[in-house]
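Visitor: I would like a close look at a single part of this protein, namely the open space that a probe can find at its surface. Could you take me through that part slowly, and then show me what lies around it?

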Amino acid sequence: MKYNQNNNSNNQMQIKSKLSMKQKLELIINQLLDIKKIVIALIGLIPMPYLDNFLSKLKPINDFNNIYNKTLIILHLDTIPIIKDLTGNIILTGIVYAIILITCFKNNSLQKKAEQCKELKITDNGKNNGNTIIPIKENYDRKNKIKTLLCFSNGVVKQDFENNNNLDKLSKKWNQYIIDVEDFKKDKLKIIYKNDKSKKINIWDNSLLEKDDFVIVLGKDDKENIKKFDFNMTPSMIISSASGGGKTTLFKNIMLQCYLKEAKIIIADFKGGLDFNKGWNKLNSENCKIITNVNTLWDYLIYDIPDIVKDRKYMLNKYECSDIKEFNKKVENKEITESKIDRIIIGIDEAAEIFTKTRDKEKEKVLEQVRGKLDEVAYLYRAVGIHLIVSTQVPSSQVLTESIRHNALMRICGRANKILSQIAIEKDIASTIKPEERGRFATSEDENYFFQGYIFDDKKILEEIINKEK
């Protein structure tokens with residue numbers, strides 16, 4: 001720990017040495033003009049006269065004063081007014097007050113925030129040895145309970161905070177929801193975050209996994225009750241929200257739970273797999289498949305799924321089971337000597353990539369077939385244990401097919417305007433979710449609409465899973 005602290009200290013010194021003289025001056029002025037610190041410094045002056053009187057009565061101080069006066073006479077300094085009037089108790093009082101000032105004006109909490117940015121490699125080169133932000137001041141909007149940290153960017157840009165799920169990771173480290181990061185002027189950044197700490201931050205841990213057959217934990221409602229979703233009751237789901245609302249984190253958390261429940265998860269991410277490059281591709285390839293192009297998804301839906309469905313229907317009919325849950329229960333109770341049937345969860349991240357029409361005729365022909373097969377998954381394959389989760393910003397009829405919209409009875413919407421909320425969950429309640437409430441969602445259900453999702457470090461959690469699988 002000592003080594004790390006020294007490293008942090010050295011890194012901060014290197015960062016500060018790169019500030020221009022103008023930036024250093026601005027930093028000092030902002031520190032000195034901080035009203036809260038000025039008030040604390042003035043309050044610190046109140047006990048000074050009492051401290052002076054108290055110290056003057058102490059024998060060691062009187063002895064020091066005698067030695068001090070004799071030294072002034074020997075050095076012929078007793079004629080200089082300022083030096084002559086100094087006494088030991090005045091000097092000690094000044095030292096105490098100097099300590100108060102240093103403590104007051106030293107930005108320990110803000111400095112720690114900057115160090116935590118560096119720990120996450122939010123730097124100008126994406127490495128631990130790069131330069132990170134330098135805090136200038138923190139402003140508080142009491143009405144909206146939002147804090148804004150103004151800092152010198154030092155080469156760091158907004159994109160550095162958005163890469164690798166850094167916003168959620170930093171929220172976890174700060175224990176405060178980071179709403180947004182803004183590039184400000186030429187050399188500054190604004191980090192906007194929720195002032196309220198801890199009570200609305202739900203941190204995922206694999207011990208939270210629900211034991212019931214394919215019941216998924218979504219988060220906590222406003223009464224701190226666990227919000228759940230049962231695939232046996234509702235086979236498909238749509239997740240939507242405005243950008244930055246937390247839908248990708250929720251999507252990933254649900255897919256992770258499905259994997260831990262021994263389902264086969266198929267994740268279609270046509271952004272090059274960027275959101276799933278922190279260990280997802282190292283999971284058991286039999287149970288986790290990351291698809292990054294439409295042709296691979298087409299192959300799976302056209303060739304693999306029909307055979308899987310055919311085999312499963314045969315097994316259900318053979319043992320007179322209405323669905324996969326009943327079949328697996330018979331296997332568990334040893335009523336039949338077969339292996340359990342694993343569920344298959346097909347997750348589409350940013351569905352607009354599939355459902356938006358393209359002018360490329362060849363590609364559009366493939367996409368039409370993919371859409372048709374996803375329709376079948378949504379309304380035909382619940383009994384055989386094949387489910388669909390769709391994540392998209394706007395789940396309108398221009399983006400999703402009516403079949404998927406109709407059969408996805410569980411709809412979830414994060415931060416949105418009234419129009420998007422109506423489209424997503426047929427209520428405008430998601431528009432009441434405030435910008436600072438990252439990870440808060442409303443559902444299409446008739447009661448207990450709202451819940452707060454979990455944030456998690458997927459890299460750390462996936463490493464634990466991978467190590468167990470070895």
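Guide: What follows starts with the pocket you ask about, then turns to enclosed spaces, and ends with some individual residues elsewhere in the chain.

The model you see is a predicted one, and it helps to have the whole chain in mind before looking at one part. The protein chain contains 18 helices and 15 strands, and of its 470 residues 47% are buried. If we take the contacts in the chain between residues at least 6 apart in sequence, 63% of them join residues at least 24 apart, and this is useful to remember when you find names with distant numbers side by side.

Now to the pocket itself. The largest pocket has a volume of about 860 Å³, and it is lined by 32 residues, among which Glu162, Ser243, Thr248, Asp275 and Arg438 are the closest to its centre. Sorted by class, the lining of this pocket consists of 14 charged, 13 polar and five nonpolar residues. Four elements, which are helix H9 (158–162), helix H10 (166–174), strand S3 (178–184) and helix H11, each supply at least two residues of that lining.

One residue of helix H9 deserves a pause, and it is Lys158. With a relative accessibility of 26%, Lys158 counts as partly exposed, because that value falls between the limits of 20% and 50%. Leaving aside residues up to four places away in sequence, Lys158 touches Asp180, Val181, Asp183 and Leu189. Leu189 is 31 residues from Lys158 along the sequence, yet their C-alpha atoms are 7.7 Å apart in space.

Besides this open pocket, there are enclosed spaces to consider. Rolling a probe the size of a water molecule over the atoms shows where empty space is left. The structure holds two cavities of 30 Å³ or more, and the largest cavity has a volume of about 60 Å³. Two elements give two or more residues to the lining of this cavity, helix H11 (247–260) and strand S15 (450–455), and S15 gives the most, with four residues. The residues that line the cavity include Asp168, Thr249, Leu250, Phe441, Gln452 and Tyr454, and by class the lining divides into five nonpolar, five polar and two charged residues. Arg438 is named both in the lining of this cavity and among the residues closest to the centre of the largest pocket.

Further along the chain, helix H12 (residues 294–318) holds Tyr300. Tyr300 has a relative accessible area of 8%, and it counts as buried because this is under 20%. Not counting residues up to four places away in sequence, Tyr300 touches Ile266, Ile305, Ile308, Ile344 and Ile346. Tyr300 also has Val370 at a C-alpha to C-alpha distance of 9.5 Å, although 70 residues separate the two in sequence.

Beyond this helix, Glu320 sits in the loop between H12 and H13. Glu320 has a positive phi of about 50° although it is not a glycine, and at 69% relative accessibility it counts as exposed, since the limit is over 50%. Helix H13 (residues 324–332) contains Asn328, which is buried, with a relative accessible area of 11%. The side chain of Asn328 reaches the backbone nitrogen of Ile341 at 2.8 Å, and outside the four neighbouring places in sequence Asn328 touches Lys340 and Ile341. Lys334 lies in the loop that leads from H13 to strand S11 (344–349). Lys334, like Glu320, has a positive phi without being a glycine, in this case of about 60°, and Lys334 is exposed, with a relative accessible area of 74%.

Last come the cysteines. A disulfide is a covalent bond between the sulfur atoms of two cysteines. With the limit for a pair of sulfur atoms set within 2.5 Å, the count of disulfides is zero. Cys117 is in no disulfide, and the nearest cysteine sulfur, that of Cys151, is 7.5 Å away. Cys117 is buried, with 0% relative accessibility, and Cys321, at 9%, counts as buried as well.

Technical notes. Residues numbered from 1 in each chain as written. Predicted model: local features only at pLDDT ≥ 70, side-chain atom pairs only at ≥ 80, totals over all residues. Heavy atoms only, no water. Buried < 20%, exposed > 50% of the residue type's maximum accessible area, 1.4 Å probe, protein only. Contact = heavy atoms within 4.5 Å. Polar contact = N/O pair within 3.5 Å; in protein donor to acceptor, adjacent residues only side chain to side chain. 1 Å grid on protein atoms, 1.4 Å probe; cavity = no way out; pocket = protein on both sides within 12 Å on 5 of 7 lines; lining within 4 Å. Points joined across faces, edges and corners; volume = space filled by probe spheres on them. Nonpolar A, V, L, I, M, F, W, Y, C, P; charged D, E, K, R; others polar.
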